[in-house]
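Me: I'd like to learn how to read the packing in a model like this one. Can we go through it piece by piece?

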Amino acid sequence: MPEESFQERTEQATPRRREEARNQGQVARSNELSSVAILLAGLLALSGLGAYMYRELAQFTAQMLSDGFTIRLDPTNAPTYIMEWSGHFARIAAPLLIVLAAVAFLVNFAQVGAIFTAKPLAPKLDRISPLSGVKRLFSGHGLVELLKGLFKIAIIVYITYLTIASEAQNYVRFLDLEVGQIFSLSGELILALGYRIILALLALSVLDYAFQRWEFEKNLRMSRQEIKEELKQQEGDPQVRARVRSLQREMSRRRMMDDVQKADVVVTNPTHVAIALRYDPQQMAAPLVVAKGQRLIAEKIKELARQAGVPLVEDKPLARALFKAVQVGDSIPEELFKAVAQVLAFVYQLKRKKW
């Protein structure tokens, strides 16, 4: 496979790569979806709270105009009046601001979940570099954003034209209406236009969110070499792991060979398999396999057993059964108790004769 194709990012991102991107603040998120959702929430809130806000604002304006002739501002009372007026404006705008803040939080949380990182705020030279800005402007992403913006403008202009054209015959009535009625009808028309534009933009923003997720997944893809490098970092180099396993096996084999001299008997095949058994009635419920091996290891076990004076007993069926059924350090199974007991009894009898 050529090096170029080998380096192509064709593999899905690993969980670690996704976590690293998330820690860097890189998530699939549509700013347009958030903006349109906030606009829609604002229109809905104005539809429900508009009467309250209009009434409160009208009362406050009337009070300001009526008190304007009696209030005398000076450095001593100005802070008091300013705080009072600001508090009144805050009470009028608070319900709308609370709705907008709640919707902004919920929409962004639904897109990316809980994420807290300050890394996107870190200063980077490429953000203020004119050259980098020009490159971003004429990049594929910049072209897509430009086309999206032009398409949205075209949609807004088209919906505005249709809405105004459908109400053109009613504009003549405005000549016979009072100012309050004109404001009321104009407000209804503006709200209707706003809903139509926002619903159209909402559909586009949903498509934009799907596109952002697709682009995010595409940019997050990894090459096979990157996945291999990540596995090396997580688990270590394969050659190092193989060397460690080899050393562990060697150390285990040495401990096993050291335990041969503590065995009571070595059961052999006689040439292919050797199993060293140890039994202490005061400490063990059943005989223990302290060493086992075949071929060269079996020959080494028998050699060490001869050097330590451990009896060798040839029993082909028992040797094969023990080798298959029992691991080093484990007790023999119950079905082999009788056969092993006979071997141990034979060994103990030999030891008594020597004594």
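Me: Leaving aside neighbours within four places in sequence, which residues is Leu-277 in contact with?

Reply: Keep in mind that this is a predicted model. Skipping those sequence neighbours, Leu-277 is in contact with Ala-263, Asp-264, Val-265, Val-267, Leu-288, Val-289, Val-290, Leu-322, Ile-332 and Val-340.

Me: How do I read a list like that?

Reply: Start with the general idea: in soluble globular proteins, nonpolar side chains tend to be buried together. Now the case here: the largest nonpolar core has 17 residues, and Leu-277, Leu-322 and Val-340 are the ones that touch the most other members.

Me: Which helices and strands each supply at least two residues of this core?

Reply: Two strands and two helices do: strand 1 (265-268), strand 2 (273-278), helix 12 (316-325) and helix 13 (337-354). Helix 13 gives the most, with four residues. There's also a second, separate core of 14 residues, with Val-266, Ala-276, Ala-298 and Leu-304 among them.

Me: Which residues of strand 1 are buried on each side?

Reply: Val-265 and Val-267 are buried on one side, Val-266 and Thr-268 on the other, so to speak a strand with both faces covered.

Me: And how does strand 1 pair with strand 2, parallel or antiparallel?

Reply: Antiparallel, with four bridges joining them. The connection is a hairpin through four residues, and Thr-268 stands opposite Ala-274 of strand 2. Strand 1 also pairs with strand 4 (residues 312-314), this time in the parallel sense over three bridges. Thr-268 turns up again there, with Glu-314 as its bridge partner in strand 4.

Me: What about a loop residue: is Val-326 buried or exposed?

Reply: The cut-off for buried is under 20% relative accessible area. Val-326 has 2% relative accessibility, so it counts as buried, and it lies in the loop between helix 12 and helix 13.

Me: What does Val-326 touch, not counting residues up to four places away in sequence?

Reply: Val-289, Lys-292, Ser-331, Ile-332 and Pro-333. As for distance, its C-alpha atom is 9.7 Å from that of Ile-275, which is 51 residues away along the chain.

Me: Last one, on helix packing: at what angle do helix 3 and helix 4 pack?

Reply: Read the angle against its cut-off: over 145 degrees counts as roughly antiparallel. Helix 3 (residues 31-67) and helix 4 (residues 78-112) pack at about 170°, with axes 9 Å apart, and they are therefore roughly antiparallel to each other. Their contact has 23 nonpolar, five polar and two charged residues.

Technical notes: Residues numbered from 1 in each chain as written. Predicted model: local features only at pLDDT ≥ 70, side-chain atom pairs only at ≥ 80, totals over all residues. Heavy atoms only, no water. Core = buried A, V, L, I, M, F, W, Y, C linked by side-chain atoms within 4.5 Å. Buried < 20%, exposed > 50% of the residue type's maximum accessible area, 1.4 Å probe, protein only. Contact = heavy atoms within 4.5 Å. Axes fitted to C-alpha atoms, helices over the stretch in contact; angles between N-to-C directions. Parallel < 35°, antiparallel > 145°, perpendicular 65-115°, else oblique. Nonpolar A, V, L, I, M, F, W, Y, C, P; charged D, E, K, R; others polar. Pairing = 2+ DSSP bridges.
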